[in-house]
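Here is a short report for a reader new to this structure. Look at the ligands before the loops and helices.

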Amino acid sequence: MNVYDSDKVSALLLCSGMSKVEELDDADVVVLNTCHVREKAKHKVYTELGYLRERKEARFAEGKPFIIAVGGCVAQAEGAKMLERAPFVDIVFGPHTYNELPNMIRSVRKPTDDGDHVALETAHLEIFFKNKRPRLLNIGFSSEDKYKSLPFLNVEKKSAYLAIQEGCDKFCTYCVVPHTRGREVSRDAQAIIQEAKSMAASGVCEITLLGQNVNSYRYEDVSEKWLFADLIRAVCEIDGIKRVFYTSSHPVDVTLDLIKAHAELPQLMPFWHLPVQSGSTNVLRAMNRHYSVDDYKRTVDNIRKYNPDIAMCSDFIVGFPGEDDEAFEQTLELVRYVNYAQAFSFKYSPRPNTVACDLPDQVDDSVKAERLARLQSLLREQQTQFNTNCIGQTLSVLFQKHGKCSNQVLGKSQFMQSVVLHTPNPEMYMNSIRNVFITGATLSCLEGRIVN
Ligand code: SAH
Ligand code: SF4
């Protein structure tokens with residue numbers, strides 16, 4: 001989601017007449033986009049800001065401008081605190097207001113008393129002054145549809161993200177997202193389809209639909225009611241769209257229709273990111289996930305009944321408050337039951353204003369670290385096995401990147417694996433979907449040769 005937002009911010013700034021520079025030293029404006037999901041991310045932001053402060057002082061000494069804008073969920077959560085703690089930051093804005101960034105930048109560039117102050121639309125805007133220099137805090141939850149003002153830039157990429165939903169209503173007890181990204185809002189289905197068509201027209205062939213719970217997508221207009229599977233069908237029908245992924249989905253909102261869509265639509269890739277978080281029903285209850293381990297297993301069984309070859313992916317949190325040895329062992333058991341192709345796993349990180357922060361029985365960091373290592377070792381084993389099983393198969397690969405060596409081109413398979421091709425002519429394969437016969441596999445990469 002942050003990659004999507006950052007791309008949109010870049011597009012907005014380019015459309016407003018700015019250009020990108022390769023070196024930080026050449027920048028007049030720096031925009032940081034931030035994530036607040038785990039604590040480390042916030043530390044990283046302040047560390048990065050410390051570095052930017054030095055750059056700003058150096059630029060000021062040379063009489064050059066250096067505007068620092070911080071957006072995303074850390075900015076949203078910190079708000080005025082960030083302006084206080086980092087007095088050299090000029091603009092603090094949230095995920096709901098970044099469409100106004102070009103005007104915000106114009107506004108802080110000009111001294112406000114010269115009569116040329118740019119009007120900003122967001123009601124929640126606050127302006128602070130430091131040495132007559134305006135500083136902006138713009139973290140409102142605007143009811144305006146920000147997507148209407150976001151440009152899509154044709155950057156000759158073959159794959160693109162497409163946000164279909166903002167925010168989340170699930171309130172998992174560990175999670176900061178509903179607090180920073182706000183309530184769940186599904187975007188207008190026709191607007192999404194229109195955007196997908198413009199992407200296809202500019203050459204995009206792979207779209208990843210984005211949202212916190214894409215499968216709870218629901219949109220009604222005067223004549224029609226859209227659920228997630230309906231939207232997927234419509235996107236898959238667009239000429240030129242050959243591959244569709246989505247992320248993330250929530251186990252409670254998996255419908256039979258969505259499971260069947262995977263079986264029916266060749267464009268819908270056989271990869272399902274279905275975060276479970278824990279293999280203990282007690283922990284899941286404390287997390288407010290609204291399903292038991294058996295519910296999750298039944299859902300996976302059903303997905304596989306219709307789609308035997310699908311690659312399952314998940315997220316895990318270890319060391320949630322109250323997770324004892326037995327609960328953790330149950331997580332390992334679930335992992336063995338499902339057999340994942342990929343996974344993301346994290347130590348529980350207490351987040352401000354979340355319920356889990358105040359729960360008793362917080363787990364020691366050393367225990368969390370030990371559990372994470374055990375879990376990741378099992379997940380790595382499964383991922384390596386999944387990849388090894390692909391040797392001898394022909395996969396469909398979208399090539400889009402150069403490799404480390406000049407004779408390599410890198411792509412992604414329909415199961416989201418990285419695939420490397422050794423060829424004297426990488427450009428020949430760049431930006432195309434090819435059938436690749438897999439000849440080798442490691443934990444993180446496959447290699448193979450082109451099949452005509
Ligand atoms: N909406 C998505 C997840 C968004 S956050 C979903 O529900 O699947 C991405 C992942 O970060 C989560 O799935 C979870 O595994 C992890 N995460 C979120 N909050 C966390 C926290 N406080 N500590 C550790 N990991 C967390
Ligand atoms: Fe966070 Fe839960 Fe919403 Fe995912 S579903 S964003 S984990 S509250």
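A nitrogen atom of ligand 1 lies 2.8 Å from a polar backbone atom of Gln212. This is a predicted model: local features need pLDDT of at least 70, side-chain atom pairs count only at pLDDT 80 or more, and totals for chains, interfaces and linings use all residues. Residues are numbered from 1 along each chain as its sequence is written, chains are lettered from A and ligands numbered from 1 in the order in which they are written, and side-chain values use heavy atoms, with hydrogens and water left out.

**Ligand 1**

The table lists polar contacts of ligand 1 (pairs of N or O atoms within 3.5 Å).

| Ligand 1 atom | Protein partner | Distance |
|---|---|---|
| nitrogen | Gln212, polar backbone atom | 2.8 Å |
| nitrogen | Tyr174, polar backbone atom | 3.0 Å |
| oxygen | Arg289, side-chain N or O atom | 3.5 Å |

Taken alone, ligand 1 exposes 540 Å², and the protein buries 91% of that. Such areas come from the Shrake-Rupley method with a 1.4 Å probe.

Which residues come nearest to ligand 1? They are Arg38, Gln212, Gln277, Asp315 and Ser349, out of 15 around the ligand. A residue is near if one of its heavy atoms lies within 4 Å. The shell of ligand 1 divides into 6 nonpolar, 4 polar and 5 charged residues. Here Ala, Val, Leu, Ile, Met, Phe, Trp, Tyr, Cys and Pro count as nonpolar, Asp, Glu, Lys and Arg as charged, and the others, Gly among them, as polar. Strands β14 (311-318) and β15 (342-347) each supply at least two residues of this shell. Strands are DSSP runs of E with at least two residues, and helices are runs of H or I with at least four.

**Ligand 2**

The residues around ligand 2 include Cys168, Cys172, Cys175, Gln212, His250 and Arg289. Its shell holds 7 nonpolar, 3 polar and 2 charged residues.

**Two loops**

The peptide bond from Thr247 to Ser248 is cis, with omega near -10°. Ser248 sits in the loop between β12 (243-247) and α9. Asn339 has a positive phi, near 65°, and is not a glycine. Asn339 lies in the loop between α12 (325-338) and β15.

**A helix pair**

Leu256, Ile259, Lys260 and Ala263 in α9 meet Asn302, Ile303 and Tyr306 in α11. Contact means heavy atoms within 4.5 Å. These contact residues divide into 5 nonpolar, 1 polar and 1 charged.

Technical notes:
Polar contact = N/O pair within 3.5 Å; in protein donor to acceptor, adjacent residues only side chain to side chain.
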